[in-house]
Amino acid sequence: MADTKQATKQAERKASKLAKEIGAFAKKHGGAEGQLAYIGQAGTRIVLVGEDGDWGDLVAPDHATAQSAAEKAGITLHESFDGEFAAKVRTGPYEWSRMAGIQIGGPSNG
């Protein structure tokens, strides 16, 4: 019982910390929307896209914590990263060079 109570408190603290980080991102970028993506044992990735097109991500230890953090931060969550939501992302030279390095014949990342 005590272990469960402690785990619940830790999850709430983690969600609150992530919510603050999401809120700071949203404030810096004129608002934000997000999408949650399960990444296996590592947890759940919270992908954030600001109203200005900048993007970033955070990792929560599990889906419930990620969901709670997004709710606490008050952002809109999308079911998938496609369509209008994906079109909001503004990429720069860094992203293009990284993507090109993955393609056959593109520059290497090494």
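This passage walks through a predicted protein model, from its overall layout to a helix and its surroundings.

The model is a prediction, so local features are described only at pLDDT of at least 70 and side-chain atom pairs count only at pLDDT 80 or more, while totals for chains, interfaces and linings use all residues. Residues are numbered from 1 along each chain as its sequence is written, and side-chain values use heavy atoms, with hydrogens and water left out.

The protein holds 4 helices and 4 strands. Helices here are DSSP runs of H or I with at least four residues, strands are runs of E with at least two, and both are numbered from the N terminus. Starting at that end, the order of elements is α-β-β-β-α-β-α-α. Confidence is given as pLDDT, the predictor's own score for each residue, from 0 to 100. Its mean over the protein is 88, and 86% of the residues reach 70 or more. Helix α2 has the highest confidence, at a mean of 97, whereas helix α4 (residues 93-102) has the lowest, at 67. Where pLDDT is low, the predicted coordinates should not be read in detail.

Next comes the surface. The accessible surface of the protein adds up to about 7300 Å², and carbon and sulfur atoms own 54% of that. These areas come from the Shrake-Rupley method with a 1.4 Å probe, and for residues only the protein chains shown count as cover. A residue is called buried under 20% relative accessible area, exposed over 50%, and partly exposed in between (1.4 Å probe, protein chains only). Of the 110 residues, 28% count as buried. As for contacts (heavy atoms within 4.5 Å), take those with a separation of 6 or more: 50% of them join residues 24 or more positions apart.

Helix α2 (residues 63-73) is a good place to look closer, with T65, A66, A69 and A70 all buried. Viewed down the axis of α2, the buried residues fall within an arc of 135 degrees, so they line one face of the helix. That arc is taken from the directions that run from the helix axis to the C-beta atoms. The general background is that an α-helix has 3.6 residues a turn, so residues three or four places apart point the same way. On the face of α2 turned away from the buried side sit the exposed residues A64 and E71. The cover over the buried residues of α2 includes α1, β1 (32-38), β2 (44-50), β3 (55-60) and β4 (76-78).

Both ends of α2 have something to show. At the N-terminal end, D62 acts as a cap, with a side-chain oxygen 3.3 Å from the backbone nitrogen of A64. This fits the idea of a polar contact: a pair of N or O atoms within 3.5 Å, where, within protein, one must be able to donate a hydrogen and the other to accept it, and residues adjacent in sequence count only if both atoms are side-chain atoms. After α2 comes G74, whose phi is positive, near 75 degrees.

What does T65 touch, leaving aside its neighbours within four places in sequence? The list is A11, K14, A15, L18 and A60. T65 counts as buried because its relative accessible area is 4%. T65 and A11 are 54 residues apart along the chain, yet their C-alpha atoms are separated by 6.3 Å.

L18, which sits in helix α1, is buried too, at 2% relative accessibility. Not counting residues up to four places away in sequence, L18 touches I46, L58, V59, A60, T65 and A69. From C-alpha to C-alpha, L18 and A60 are 7.7 Å apart in space, with their positions 42 residues apart in sequence. S16 also lies in helix α1 (residues 2-28), but S16 is partly exposed, with a relative accessible area of 29%. The C-alpha atoms of S16 and A70 are 9.5 Å apart.

Over in strand β2 there is T44, buried at a relative accessible area of 1%. The T44 side chain reaches the backbone nitrogen of H63 at 3.2 Å. Leaving aside neighbours within four places in sequence, the contacts of T44 include L36, Y38, L58, D62, H63 and A66.

Finally, the structure holds 1 aromatic pair. F81 and F85 meet edge-to-face, at 5.1 Å centre to centre and 75 degrees between the planes. Rings of Phe, Tyr and Trp (its six-membered ring) pair if their centres lie within 6.5 Å, and planes under 30 degrees apart count as stacked, over 60 as edge-to-face and the rest as tilted. F81 is partly exposed at 36% relative accessibility, whereas F85 is buried at 3%.
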